[in-house]
Amino acid sequence: MKNHSYDLEERTAIFGEAVIEFCLSLPANAVSAPIINQLVRAGTSVGANYCEADDAESKKDFRHKIALCRKEARETKYWLRMIAKAAPSQKAPARLLWREAKELHLIFVAIIRTTDRNLRSAQRSKSPPPSDISHHSSDISNQSSDISH
């Protein structure tokens, strides 16, 4: 899967399309049919959840939806492993998709780490520094003594 520019929405869409094409080429039987169904659901959910994350209403919402992308990419890897067992003749194309699912998973892990770091940093900058009441009251008494003199 070549990607000339880094557009994660496009990359996840291309991945979903590749999963669909791959699943359409698989022989369906009692064992492979449920695996194919799960693989299509997980593989196409990666991009759908990324679109949702892109339109998130808050940083926490964004983080939650990116975590869903990570989960679906990981689940896709699992179903690709199962389909390689159920349809051994398709192991090579399954391996290529597995590698892309792994890369996407790692990308989402990195996004989550960065988002968590940014959320913690924003939390720290919002909380006021601890105040020392005795310090402020002495300032007031010093000011009043300056006035009386």
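Let's start with helix α4, which covers residues 91-126. From its first C-alpha to its last, α4 reaches 52 Å, and that is close to the 52 Å expected for its 36 residues at 1.5 Å a residue. Keep in mind that what you're looking at is a predicted model.

Now turn α4 around on your screen and look for the side chains that are hidden away. The buried residues here are Ala94, Leu97, Glu100, Ala101, Leu104, His105, Ile107, Phe108, Val109, Ile112 and Thr115. What do they pack against? The buried residues of α4 pack against α1, α2 and α3. Not every residue of the helix is hidden like that, though. Glu103 also lies in α4, but Glu103 counts as partly exposed because its relative accessibility is 41%, and buried would mean under 20%. Glu103 also gives you a nice pair to find by eye: Ala73 is 30 residues away from Glu103 in sequence, yet their C-alpha atoms are 8.9 Å apart in space.

Time to zoom out. The protein chain has 5 helices and 0 strands, so if you read the elements from the N terminus on, you get α-α-α-α-α. Of the 149 residues in the chain, 32% are buried. And how do the contacts spread along the sequence? Take the contacts with a separation of 6 or more: residues 24 or more positions apart account for 75% of them.

Next, see how α1 and α2 sit together. Their axes are 9 Å apart and the two helices pack at an angle of about 165°. Anything over 145 degrees counts as roughly antiparallel, and therefore α1 and α2 are roughly antiparallel to each other. Their crossing is left-handed. On the α1 side, the residues that meet α2 include Leu8, Thr12, Phe15 and Val19, while the α2 side includes Ile36, Leu39, Val46 and Tyr50. Sorted by class, this contact has 12 nonpolar, 5 polar and 2 charged residues.

Thr12 deserves a closer look. This residue is found in helix α1, which spans residues 8-25. Is Thr12 buried or exposed? Thr12 is buried, because its relative accessible area is 1% and the cut-off for buried is under 20%. Leaving out residues up to four places away in sequence, Thr12 touches Val46, Gly47, Tyr50, Leu104 and Phe108. You've met two of those already: Leu104 and Phe108 are among the buried residues of α4.

On to the next pair, α2 (residues 32-54) and α3 (residues 59-86). The axes of these helices come within 8 Å and cross at roughly 155°, which means α2 is roughly antiparallel to α3. This crossing is left-handed, and by class the contact between α2 and α3 has 17 nonpolar, 6 polar and 5 charged residues.

One last stop: Lys65, which is found in α3. Why does this lysine count as buried? Its relative accessible area is 17%, so Lys65 falls under the 20% cut-off. Which residues does Lys65 touch? Setting aside residues up to four places away in sequence, Lys65 touches Asn49, Glu52 and Ala53.

How values were computed:
Residues are numbered from 1 along each chain as its sequence is written. This is a predicted model: local features need pLDDT of at least 70, side-chain atom pairs count only at pLDDT 80 or more; totals for chains, interfaces and linings use all residues. Side-chain values use heavy atoms; hydrogens and water are left out. Axes are lines fitted to C-alpha atoms, for helices over the stretch in contact, and angles run from 0 to 180 degrees between N-to-C directions. Helices (H or I, at least four residues) and strands (E, at least two) are DSSP runs, numbered from the N terminus. Angles under 35 degrees count as roughly parallel, over 145 as roughly antiparallel, 65 to 115 as roughly perpendicular and the rest as oblique. A crossing is left-handed if the near helix is turned anticlockwise from the far one by less than a right angle, and right-handed if clockwise. Ala, Val, Leu, Ile, Met, Phe, Trp, Tyr, Cys and Pro count as nonpolar, Asp, Glu, Lys and Arg as charged, and the others, Gly among them, as polar. Buried means under 20% relative accessible area, exposed over 50%, partly exposed in between (1.4 Å probe, protein chains only). Contact means heavy atoms within 4.5 Å. The expected span of a helix is 1.5 Å times one less than its number of residues.
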